[in-house]
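Here is a quick tour of one chain, going from its cysteines to its aromatic pairs, its cores and its main helix. Keep the viewer open while you read.

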Amino acid sequence: MSEFGTATEDLIESICKRMFLAEFTVRSPNYRKSNGTEKEAADVLIPSRDVLIAFQVKTFKPEGPPVSEDVWSGRVTKKVEDGIRQIRTIQRAVRNDWIASVKTARWVELPFSCAAIRKIIGVVILEVHGEGEKPREQQSWLIHGFHL
């Protein structure tokens, strides 16, 4: 992951620790598939009773010459779709009972019950490098912010 992406994940973790407390904030939890492979489930998880909030941070650093609005839109859409695909990964990991424990932001390892999770809320956060430097009228806008 780039330094830029790590900084964004750090910021999201910091916000979650303040909103949900460090005791309920899990950074980069891993899961083990039935074949033994270990993977990252999400960038940040917030388990709360039967609800699991999963944050997936995607960063996009445009490079090269300026492109048409359609090409730009396609690149941004691909990044968002990558994030949604990663949210589906946590859904699959919970459905298949691949997560046995999680380590909170306070470094406390806790047992995790996939069977207890009834609802997963996925949040994809997209940060586009350099957007804040553009005039407001040239900044990107996300028009369709929900995916069911």
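Let's settle one term up front: a residue is called buried when its relative accessible area is under 20%, exposed when it is over 50%, and partly exposed in between. Keep in mind that this is a predicted model.

**Cysteines**

With that cut-off, Cys 16 is buried, because its relative accessibility is 2%. Cys 114 is buried as well, at 4%. How many disulfides does a search of the whole structure find? It finds zero. A disulfide would need the two sulfur atoms within 2.5 Å, but the cysteine sulfur closest to that of Cys 16 belongs to Cys 114 and is 19 Å off, so the gap is too far for a bond. Turn it around and start from Cys 114: the closest cysteine sulfur is that of Cys 16, again at 19 Å.

**Aromatic pairs**

Searching the whole structure for aromatic pairs turns up two. Tyr 31 and Trp 98 have ring centres 5.6 Å apart and planes at 5°, so this pair is stacked. It links distant parts of the chain, since Tyr 31 is in strand S2 (residues 30-32) while Trp 98 is in the loop between helix H2 (69-95) and strand S6 (101-103), 67 residues apart. Both Tyr 31 and Trp 98 are buried.

The other pair, Phe 60 with Trp 72, is tilted, with 5.3 Å from centre to centre and 55° between the planes. Phe 60 sits in strand S5 (residues 51-60) and Trp 72 in helix H2, so the pair ties together parts that are 12 residues apart in sequence. Phe 60 counts as buried at 11% relative accessibility. Trp 72, at 19%, also counts as buried.

**Two loop residues with positive phi**

Most residues other than glycine have a negative phi. Two non-glycine residues with a positive value are worth clicking on:

| Residue | Phi | Loop | Relative accessibility |
|---|---|---|---|
| Ser 28 | near 50° | between strand S1 (26-27) and S2 | 24%, partly exposed |
| Asp 97 | near 60° | between H2 and S6 | 53%, exposed |

Asp 97, with its positive phi, follows H2.

**Nonpolar cores**

In soluble globular proteins, nonpolar side chains tend to be buried together. Here the largest nonpolar core has 17 residues, and the members that touch the most other members are Leu 45, Leu 52, Ile 90, Val 94, Ile 99 and Phe 112. S5 and H2 each supply at least two residues of this core. Which element gives the largest share of this core? That is H2, with four residues.

Ile 99 is a good residue to select if you want to see who packs against whom. Leaving aside residues up to four places away in sequence, Ile 99 touches Tyr 31, Ala 41, Ile 90, Ala 93, Val 94, Phe 112 and Cys 114. There is also a second, separate core of seven residues, and Cys 16, Val 44, Ile 53 and Phe 55 are among them.

**Helix H2**

For the 27 residues of H2, the expected span at 1.5 Å a residue is 39 Å, and the end C-alpha atoms are 39 Å apart, which agrees. The buried residues in H2 are Trp 72, Val 76, Val 80, Asp 82, Gly 83, Ile 84, Ile 87, Thr 89, Ile 90, Ala 93 and Val 94. An α-helix has 3.6 residues a turn, so residues three or four places apart point the same way. What covers the buried residues of H2? The cover includes S2, strand S4 (44-48), S5 and strand S8 (119-128).

**Thr 25, back at Cys 16**

To finish, go to the loop between helix H1 (3-20) and S1, where Thr 25 is found. Is Thr 25 buried or exposed? Thr 25 is buried, because its relative accessible area is 0%. A polar atom of the Thr 25 side chain lies 3.5 Å from the backbone oxygen of Cys 16. Beyond residues up to four places away in sequence, Thr 25 touches Glu 13, Cys 16, Lys 17, Phe 20, Val 44, Leu 45, Ile 46, Lys 103, Thr 104 and Ala 105.

Notes. Residues numbered from 1 in each chain as written. Predicted model: local features only at pLDDT ≥ 70, side-chain atom pairs only at ≥ 80, totals over all residues. Heavy atoms only, no water. Buried < 20%, exposed > 50% of the residue type's maximum accessible area, 1.4 Å probe, protein only. Phe/Tyr/Trp six-rings, centres within 6.5 Å; stacked < 30°, edge-to-face > 60°. Core = buried A, V, L, I, M, F, W, Y, C linked by side-chain atoms within 4.5 Å. Contact = heavy atoms within 4.5 Å. Expected span 1.5 Å × (residues − 1). Polar contact = N/O pair within 3.5 Å; in protein donor to acceptor, adjacent residues only side chain to side chain.
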